[in-house]
Amino acid sequence: QVHLVESGGGLVQAGSSLKLACAASGRTASGRTFDDYAIGWFRQPPGKEREFVAGISWNGGVTHYPDSVKGRFTISRDNAKNTGYLQMNSLKPEDTAVYYCGVAYLGSIVVVSTEEGDYDYWGQGTQVTVST
């Protein structure tokens, strides 16, 4: 199966930047590998439900963000390194959350998904705390 490990979280002041990484290893029984999957970043603030923050298609050609992070967060991927990234700029206290990456095999029609249920594998999460 595909194993994901997030890194790059930490405690920063408002206005700062962080870059999260999501490193993948392994392959599925069907032989699919990292570059067959779309990547999504989600976050779960304290006491709240998990929410979508960024998604990228299998080849990096399509990205999607909710309004809450658009213009501040940038998702990217390097398929040669089996790694996805989330660059977060101008961080706000309300960005405080555990950040999770997931991968979804979506086929060729829908290439990015905002729905948790579409994701096949998840990492363990990395904590991001933004202080005032």
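**Warm-up**

At 36% relative accessibility, glutamate 116 counts as partly exposed, a class that lies between buried (under 20% relative accessible area) and exposed (over 50%), using a 1.4 Å probe and protein chains only. You're working with a predicted model, where local features need pLDDT of at least 70, side-chain atom pairs count only at pLDDT 80 or more, and totals for chains, interfaces and linings use all residues. Residues are numbered from 1 along each chain as its sequence is written, and side-chain values use heavy atoms, leaving out hydrogens and water.

**Exercise 1: a salt bridge across the chain**

Task: Find which residue's side chain meets glutamate 116 in a salt bridge, and say where both partners sit.

Solution:
- Step 1. Recall the rule: a side-chain nitrogen of Lys or Arg must lie within 4 Å of a carboxyl oxygen of Asp or Glu.
- Step 2. Arginine 50 is the partner of glutamate 116, with 3.7 Å from N to O.
- Step 3. Now place them: arginine 50 is in the loop between S4 and S5, glutamate 116 is in the loop between S9 and S10, and the two are 66 residues apart, so this pair links distant parts of the chain. The S labels are strands, which are DSSP runs of E with at least two residues, numbered from the N terminus.
- Step 4. Check the cover: arginine 50 is partly exposed, at 24% relative accessibility.

**Exercise 2: a charged network**

Task: Work out which residues are joined into one network by salt bridges that share partners.

Solution:
- Step 1. Start from the total, which is 5 salt bridges in the structure.
- Step 2. Arginine 72 and aspartate 95 form one of them, at 2.7 Å from N to O. Arginine 72 belongs to the loop between strand S6 (63-64) and S7, while aspartate 95 belongs to the loop between S8 and S9.
- Step 3. Both arginine 72 and aspartate 95 are buried.
- Step 4. Glutamate 51 and arginine 43 form another salt bridge, their closest N and O atoms being 2.6 Å apart. Here arginine 43 is buried, at 4% relative accessible area, but glutamate 51 is partly exposed at 32%.
- Step 5. Put it together: the network is made of Arg43, Glu51, Arg72 and Asp95.

Why can such pairs form at all? Side chains of opposite charge can pair when their charged atoms come close.

**Exercise 3: the disulfide**

Task: Find which cysteines form a disulfide, and decide whether it is right-handed or left-handed.

Solution:
- Step 1. Look for two cysteine sulfur atoms within 2.5 Å. The count comes to 1 disulfide.
- Step 2. The partners are cysteine 22 and cysteine 101, with sulfur atoms 2.1 Å apart.
- Step 3. The torsion about their S-S bond is about 65 degrees, so the disulfide is right-handed.
- Step 4. Cysteine 22 is in strand S3 and cysteine 101 in strand S9, 79 residues apart.
- Step 5. Both ends are covered: cysteine 22 is buried at 0% relative accessibility, and cysteine 101 is buried at 0% too.

**Exercise 4: strand S9 and its partners**

Task: Work out which strands pair with S9, and how many of its residues are buried.

Solution:
- Step 1. Strands pair if DSSP finds at least two bridges between them.
- Step 2. S4 pairs with S9 in the antiparallel sense over 7 bridges. Within this pairing, tyrosine 99 is the bridge partner of arginine 43.
- Step 3. S11 runs antiparallel to S9, joined by 3 bridges, and alanine 97 is partnered there by valine 128.
- Step 4. Strand S10 (residues 121-122) is also antiparallel to S9, over 2 bridges. Tryptophan 122 in S10 is the bridge partner of glycine 102.
- Step 5. As for cover, 7 of the 8 residues of S9 are buried.

**Exercise 5: the nonpolar core**

Task: Say how many residues the largest nonpolar core has, and which ones touch the most other members.

Solution:
- Step 1. Collect buried Ala, Val, Leu, Ile, Met, Phe, Trp, Tyr and Cys residues joined through side-chain atoms within 4.5 Å.
- Step 2. The largest core has 28 residues, and Leu4, Trp41, Leu86, Met88, Tyr99 and Val103 touch the most other members.
- Step 3. Elements giving two or more residues include S3, strand S8 (83-88) and strand S9 (97-104).

Notes. Helices (H or I, at least four residues) and strands (E, at least two) are DSSP runs, numbered from the N terminus.
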